[in-house]
Amino acid sequence: MEKLLEQKESITVLDLACGTGNYLLGQQSHYEGKNIKWIGVDLSLDMLNIAKSKNLTAEFINSDAESYNLPEESVDLIVCNFTFHHFENKQKCLAKMFATLPSFR
């Protein structure tokens, strides 16, 4: 994240399968005052409701990891902690992640 913030005026970070928002909470505290748009995606509406109750400055999307709806190349960094092994269609998930990240050609 530090390198991205050195290179760009603002960045967008996606926490895929964000659960109750613990990662987002810690990162928002650590990067307070930085121009970062935070997005949390999770399949569980109950988990998202807990995350929302933490008053995070984030957009939350209720979706599985294979079909969240974000524009192509709209995210600078994707974080996915301790969940990838749970995803049903890992290939589809990876394709979605790569499409969401900027092209590195």
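How many helices and strands are there in the protein? Four helices and four strands. The model you have open is predicted.

**Whole chain.** Start with everything shown. Following the sequence, the elements come as α-β-α-β-α-β-β-α. The C-alpha trace spans about 40 × 35 × 20 Å along its principal axes. A compact globule of 105 residues would have a radius of gyration near 13 Å, and the protein has 13 Å, so the two agree.

**The sheet.** Select the four strands. They form an open sheet in the order 3-2-1-4, with parallel pairing. Its edges are strand 3 (59-62) and strand 4 (77-79), each of which pairs on one side only. On average, neighbouring strands in this sheet are turned by 20° against each other, direction ignored.

**Strands 2 and 3.** Next, select residues 36-42, which make up strand 2. Strand 2 pairs with strand 3 in the parallel sense, over four bridges. Now pick valine 41. Opposite valine 41 stands isoleucine 61, in strand 3.

**Helix 2.** Add residues 22-30, which are helix 2. What does helix 2 lie across? Strand 1 (11-16), strand 2, strand 3 and strand 4. Look along strand 2: helix 2 runs at about 170° to it.

**Contacts and surface.** Go back to the full chain. Take the contacts between residues at least 6 apart in sequence: 65% of them join residues at least 24 apart. Colour by burial next. Buried residues account for 42% of the 105. Finally, turn on the surface. The protein exposes about 6,600 Å², and carbon and sulfur atoms supply 50% of that area.

Key:
Residues are numbered from 1 along each chain as its sequence is written. This is a predicted model: local features need pLDDT of at least 70, side-chain atom pairs count only at pLDDT 80 or more; totals for chains, interfaces and linings use all residues. Side-chain values use heavy atoms; hydrogens and water are left out. Two strands pair if DSSP finds at least two bridges between them. Helices (H or I, at least four residues) and strands (E, at least two) are DSSP runs, numbered from the N terminus. Axes are lines fitted to C-alpha atoms, for helices over the stretch in contact, and angles run from 0 to 180 degrees between N-to-C directions. Contact means heavy atoms within 4.5 Å. The radius of gyration is taken over C-alpha atoms; the globule rule is 2.2 Å times the number of residues to the power 0.38. Buried means under 20% relative accessible area, exposed over 50%, partly exposed in between (1.4 Å probe, protein chains only). Accessible areas come from the Shrake-Rupley method with a 1.4 Å probe; for residues, only the protein chains shown count as cover.
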